[in-house]
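Colleague: I am new to this structure and would like to go through some of its helix contacts and one residue in a loop. Please show me the model to begin with.

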Amino acid sequence: MLEMDLRLLLPSLVPSSQSVYVLVFYFVYLAVAGEILPGKVIRGVVLSDGSQHRYRCNGLFALSLLVAILGISAKLGVLSPLVVADRGLELLSATFIFCVLVTLVLYITGRTSSDKSSSLKPHVSGNLLHDWWFGIQLNPQFIGIDLKFFFVRAGMMGWLLINLSILAKSFQDGSLSQSMILYQIFCALYILDYFVHEEYMTSTWDIIAERLGFMLVFGDLLWIPFTFSIQGWWLLHNKVELTVPAIVANFFVFLIGYMVFRGANKQKHIFKKSPKTPIWGKPPVVVGGKLLASGYWGIARHCNYLGDLMLALSFSLPCGISSPVSYFYPIYLLILLIWRERRDEERCAEKYKEIWAEYLRLVPYRILPYVY
């Protein structure tokens with residue numbers, strides 16, 4: 001049986017010319033739309049050499065226009081709305097190949113660069129796998145496009161497009177359920193909210209501190225859209241009927257998670273831009289003039305992670321509890337965020353020293369108050 005499944009699976013992983021065309025069209029559209037569509041221009045954080053990147057935050061406009069173009073194309077019969085749902089594995093393998101190729105190019109250009117700026121200065125450990133995985137340059141660009149910002153945008157939009165294609169297939173197959181609708185609503189709200197507040201991304205750890213290597217490129221382009229949509233794929237083949245109390249409880253998990261996640265990120269972003277802005281109606285508590293210990297950030301040192309985990313759980317709850325497969329995303333995210341939180345704290349302890357010790361005294365909990 002396993003051999004038969006593999007014989008059926010392996011051919012579907014081979015990228016077809018159509019899947020390559022879809023991927024190329026997607027990246028070209030995002031590159032062009034990102035440059036020409038109007039949007040708020042945000043200055044990034046000040047780097048160690050005093051430079052600042054500029055980010056055009058027009059993701060919501062670009063996403064809305066793309067969905068409209070695809071909808072019109074589907075209506076005219078130019079493009080099937082099921083192209084992603086029917087060729088998901090092909091697109092996954094094509095994306096993986098692209099991730100490997102682009103990170104090899106990033107590695108080579110990083111190793112050969114003699115640039116001294118904060119954005120492009122090479123950070124080479126000498127270990128090929130380490131440098132390829134974690135990256136060598138902070139903010140590499142291609143024809144003027146900031147690749148790190150571009151890739152995370154592509155991943156978030158790709159997640160929504162995969163979900164919409166799954167929704168179309170579910171509707172066509174007559175398998176549309178309350179659970180599928182609930183999952184689609186939560187994900188769509190989360191993704192749209194991301195683009196409404198896209199400027200907050202410019203002050204996150206990924207943008208300001210992580211170098212661009214395979215870890216980020218793979219995470220943005222493949223992991224986000226293809227694994228965060230597992231619940232949709234699962235619901236496409238498994239119908240789950242939820243009780244009214246279960247639906248209400250699911251909504252509460254989503255709303256509380258959203259409130260904590262968005263509120264914490266907004267507070268941190270505003271603090272970085274204007275450190276004296278009141279938080280919850282009071283002057284912010286700041287340790288050593290650098291570390292925020294007010295609002296959500298006075299409850300736990302990574303309170304935004306708690307909100308993110310609750311949101312991830314809300315995406316899986318519509319699937320019921322019959323299979324662990326549909327809970328892959330929140331389980332993975334829990335492991336990832338604990339690992340990332342530990343890495344963040346090691347860096348902060350080294351960077352802030354005695355200030356960090358004082359901050360730990362004021363905010364003793366890492367993610368979940370009184371538990372962790």
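Colleague: At roughly what angle do the axes of helix H13 and helix H14 cross?

Modeller: This is a predicted model. H13 covers residues 303-316 and H14 covers residues 328-352. Their axes come within 9 Å, and the crossing angle is roughly 170°.

Colleague: Is H13 roughly parallel or roughly antiparallel to H14?

Modeller: The axes cross at roughly 170°. Angles over 145 degrees count as roughly antiparallel. H13 is therefore, relative to H14, roughly antiparallel.

Colleague: How many residues of the contact of H13 with H14 are charged?

Modeller: On the H13 side the contact includes Tyr305, Asp308 and Leu309, and on the H14 side it includes Arg340, Glu341 and Asp344. By class, 10 residues are nonpolar and one is polar. The number of charged residues is four.

Colleague: How is H2 oriented to H5?

Modeller: H2 (residues 17-36) and H5 (residues 88-112) have axes 9 Å apart and pack at an angle of about 60°. An angle under 35 degrees would count as roughly parallel, and 65 to 115 as roughly perpendicular. The angle of H2 and H5 fits neither range, so the two helices are oblique.

Colleague: Which residues in H5 are met by H2?

Modeller: H2 passes H5 in a right-handed crossing. From H2, the residues in contact are Ser19, Val22, Leu23 and Phe27. By class, this contact has six nonpolar, two polar and one charged residues. The residues in H5 are Glu90, Leu91, Ala94, Thr95 and Phe98.

Colleague: How many nonpolar residues does the contact of H2 with H3 have?

Modeller: H2 and H3 (residues 59-75) pack at an angle of about 135°, with axes 10 Å apart, which means that H2 is oblique to H3. Phe25, Tyr26, Tyr29 and Ala33 in H2 meet Ala62, Leu65, Leu66, Ile69 and Leu70 in H3. The contact has no polar and no charged residues, and its nonpolar residues number nine.

Colleague: Does Glu210 count as buried or exposed?

Modeller: Glu210 lies in the loop between helix H9 (205-208) and helix H10 (214-227). Its relative accessibility is 3%. Because the cut-off is under 20%, Glu210 counts as buried.

Colleague: With which side chain does the side chain of Glu210 make a polar contact?

Modeller: Leaving aside residues up to four places away in sequence, Glu210 touches several residues, among them Leu138, Lys148, Trp205 and Arg347. The polar contact, at 3.2 Å, is with the side chain of Arg343.

Key
Residues numbered from 1 in each chain as written. Predicted model: local features only at pLDDT ≥ 70, side-chain atom pairs only at ≥ 80, totals over all residues. Heavy atoms only, no water. Axes fitted to C-alpha atoms, helices over the stretch in contact; angles between N-to-C directions. Helix = DSSP H or I, 4+ residues; strand = E, 2+ residues; numbered from the N terminus. Left-handed = near helix turned anticlockwise from the far one by under 90°. Contact = heavy atoms within 4.5 Å. Nonpolar A, V, L, I, M, F, W, Y, C, P; charged D, E, K, R; others polar. Buried < 20%, exposed > 50% of the residue type's maximum accessible area, 1.4 Å probe, protein only. Polar contact = N/O pair within 3.5 Å; in protein donor to acceptor, adjacent residues only side chain to side chain.
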